[in-house]
Amino acid sequence: MTEDEVAEYYDDPAHSRSVCDLLMRAFPTWVVWRQDRVWLARHRTWHRGRQPTADRSAGLLQQAIWETNIRGVLA
């Protein structure tokens, strides 16, 4: 698959549940969901008032989760 085809697959609403499951298996301390056309993720330790990480691209959301984990900026 080309990079564009991969992005198109992940961002297709028909694949939302499987993409959420995939990201939560890859990052078990995160909850991932899709609302409208935006992907959202929240670390399980974050308080409810903290805004979730969000992006219109599932791939960019994955990158943001990874970078947050690496930096250790979870509090």
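The following paragraphs lead through a predicted model, beginning with a helix and proceeding to a pocket and an aromatic pair.

Helix α2 spans residues 16–26, and its buried residues are S16, V19, C20 and L23. These four cover an arc of only 100° around the helix axis, which means that they lie on the same side of α2. R17 and R25, on the other side of α2, are exposed. The buried residues of the helix pack against two further helices, α1 (3–10) and α3 (58–71), and against the strands β1 and β2.

The three helices also appear together in the lining of the largest pocket: α1, α2 and α3 are the elements that give two or more residues to it. This pocket holds about 190 Å³ of space. Its lining comprises 14 residues, of which V6, Y10, A58, G59 and Q62 are the closest to the centre.

Attention now turns to the aromatic residues. The model contains one aromatic pair. It is formed by the rings of W30 and W46, whose centres are 5.2 Å apart; because their planes meet at 75°, above the 60 degrees that an edge-to-face arrangement requires, the pair is classed as edge-to-face. The two residues are 16 positions apart, and the pair links distant parts of the chain: W30 belongs to strand β1 (residues 30–35), whereas W46 is in the loop between β2 (38–43) and β3 (53–55). Both tryptophans, W30 and W46, are buried. W46 has a further partner in R50, which lies over the face of its ring at 3.8 Å from the ring centre.

Notes. Residues are numbered from 1 along each chain as its sequence is written. This is a predicted model: local features need pLDDT of at least 70, side-chain atom pairs count only at pLDDT 80 or more; totals for chains, interfaces and linings use all residues. Side-chain values use heavy atoms; hydrogens and water are left out. Rings of Phe, Tyr and Trp (its six-membered ring) pair if their centres lie within 6.5 Å; planes under 30 degrees apart count as stacked, over 60 as edge-to-face and the rest as tilted. Buried means under 20% relative accessible area, exposed over 50%, partly exposed in between (1.4 Å probe, protein chains only). A charge sits over a ring if NZ of Lys or CZ of Arg is within 6 Å of the ring centre and within 35 degrees of the ring normal. The arc is that of the directions from the helix axis to the C-beta atoms. Contact means heavy atoms within 4.5 Å. On a 1 Å grid over the protein atoms alone, a cavity is a set of points where a 1.4 Å probe fits but cannot get out, and a pocket is an open set with protein on both sides within 12 Å along at least five of seven lines; lining residues have an atom within 4 Å of a point. Grid points are joined across faces, edges and corners, and a volume is the space filled by probe spheres set on the points.
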